[in-house]
Amino acid sequence: FHSYIMERNARRLGFLAGWLSAAVNVVLFALKIGVGMRAGSVAMMAEAWHTLSDSLSSAVVLVGFWYTGKRGDPQHPFGHGRAEVIAAVVVSSLLGVVGLNFLRESIGSLLDPRAVRFTAFSIAVFAMSVVIKEGLAQFAIRAGKRTGSRSLIADGWHHRSDAIASALIVAGALLGGRLWWIDGALGIGVSLLILHAAFEILRDAGNALMGEAPGEEMRHRVEELVRESVPGVSDVHHVHIHRYGDHIEMTLHLRLPQDLPLRDAHTCASMVEGVLRERLGIEPTVHLEPDNSAAGES
């Protein structure tokens, strides 16, 4: 019951972060694209679309949270947790398309310089965006850590990259009167930030989909718990983790004395599974092997 309540609270927090992000980004996009078009700034317009892409990514996060919350069924016995990882892949793909498009436009603005007219209002809009987007970033990242959501953390880093990009544009606008090339250069910088964020998110999501080796700390903790519960274990190996959102499956191999009766060996395996399930919140499966070292076998 406690885990059910925690899961419901996590989903509510995820939905709140997603809806808040989507709504704020739509408003900021309207302001940024308006001042960007009036100024004729490719960097400002690129940053406006970057902000809108954050709204799209937040929508994907919301869909991912909704689908992840569905219970397991005969076709998906481990639940639908990996839908959230797939959502992160979609988010990164959207970012990649936006980044490449504005990289092309920024390079074009350097080859064909255009007049850029920054106003005090346009600078104020982007300065305000820095504060708002960093606030959203901190909220989303903290919510993602509390819920264990990769896509929500990724969305938070989108906000942070957006805040950094807006800060660069404010600096560029203040220097634009003296440096004709600053708008195109900043457009390239913003585009590279977008592409970097897309790559990082895609890499993390890809690792989760392909399967990850347990970290050194996790492996050490598992070995410690196994040896505490069954002192007769001579080796713990082949520790594999399979993540399905909040549901985590673990498989591991143990070596026990080869003359141990089958009933006792089964009891040992059940004890290990129970301890790991209770202490680490995972669903373990233990495979037993005979320890042949006493017989001189390799």
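In what follows, Ala, Val, Leu, Ile, Met, Phe, Trp, Tyr, Cys and Pro count as nonpolar, Asp, Glu, Lys and Arg as charged, and the others, Gly among them, as polar. The model is predicted: local features need pLDDT of at least 70, side-chain atom pairs count only at pLDDT 80 or more, and totals for chains, interfaces and linings use all residues. Residues are numbered from 1 along each chain as its sequence is written, and side-chain values use heavy atoms, with hydrogens and water left out.

**Exercise 1. Describe the secondary structure and the burial of the protein.**

Step 1. Helices (H or I, at least four residues) and strands (E, at least two) are taken as DSSP runs, numbered from the N terminus. The protein has eight helices and three strands.

Step 2. Read from the N terminus, the order of the elements is α-α-α-α-α-α-α-β-β-α-β.

Step 3. A residue is buried under 20% relative accessible area, exposed over 50%, and partly exposed in between (1.4 Å probe, protein chains only). Of the 298 residues, 42% are buried.

**Exercise 2. Characterise the second largest pocket.**

Step 1. On a 1 Å grid over the protein atoms alone, a pocket is an open set of points where a 1.4 Å probe fits, with protein on both sides within 12 Å along at least five of seven lines; lining residues have an atom within 4 Å of a point. Grid points are joined across faces, edges and corners, and a volume is the space filled by probe spheres set on the points. For the second largest pocket this volume is about 360 Å³.

Step 2. The lining comprises 15 residues, and A154, W157, A197, E200 and I201 lie nearest the centre of the pocket.

Step 3. Helices α5 (150-175) and α6 (182-210) each contribute at least two lining residues.

Step 4. Sorted by class, the lining holds nine nonpolar, two polar and four charged residues.

**Exercise 3. Contrast the settings of M210 and H237.**

Step 1. M210 belongs to helix α6, whereas H237 belongs to strand β1 (residues 235-244).

Step 2. M210 is exposed, at a relative accessible area of 71%; H237 is buried, at 14%.

Step 3. M210 and H242 are 32 residues apart along the chain, and their C-alpha atoms are separated by 9.2 Å.

Step 4. With contact meaning heavy atoms within 4.5 Å, H237 touches L252, H253, R255 and E289, not counting residues up to four places away in sequence.

Step 5. A polar contact is a pair of N or O atoms within 3.5 Å; within protein, one must be able to donate a hydrogen and the other to accept it, and residues adjacent in sequence count only if both atoms are side-chain atoms. The side chains of H237 and E289 form such a contact, at 3.2 Å.
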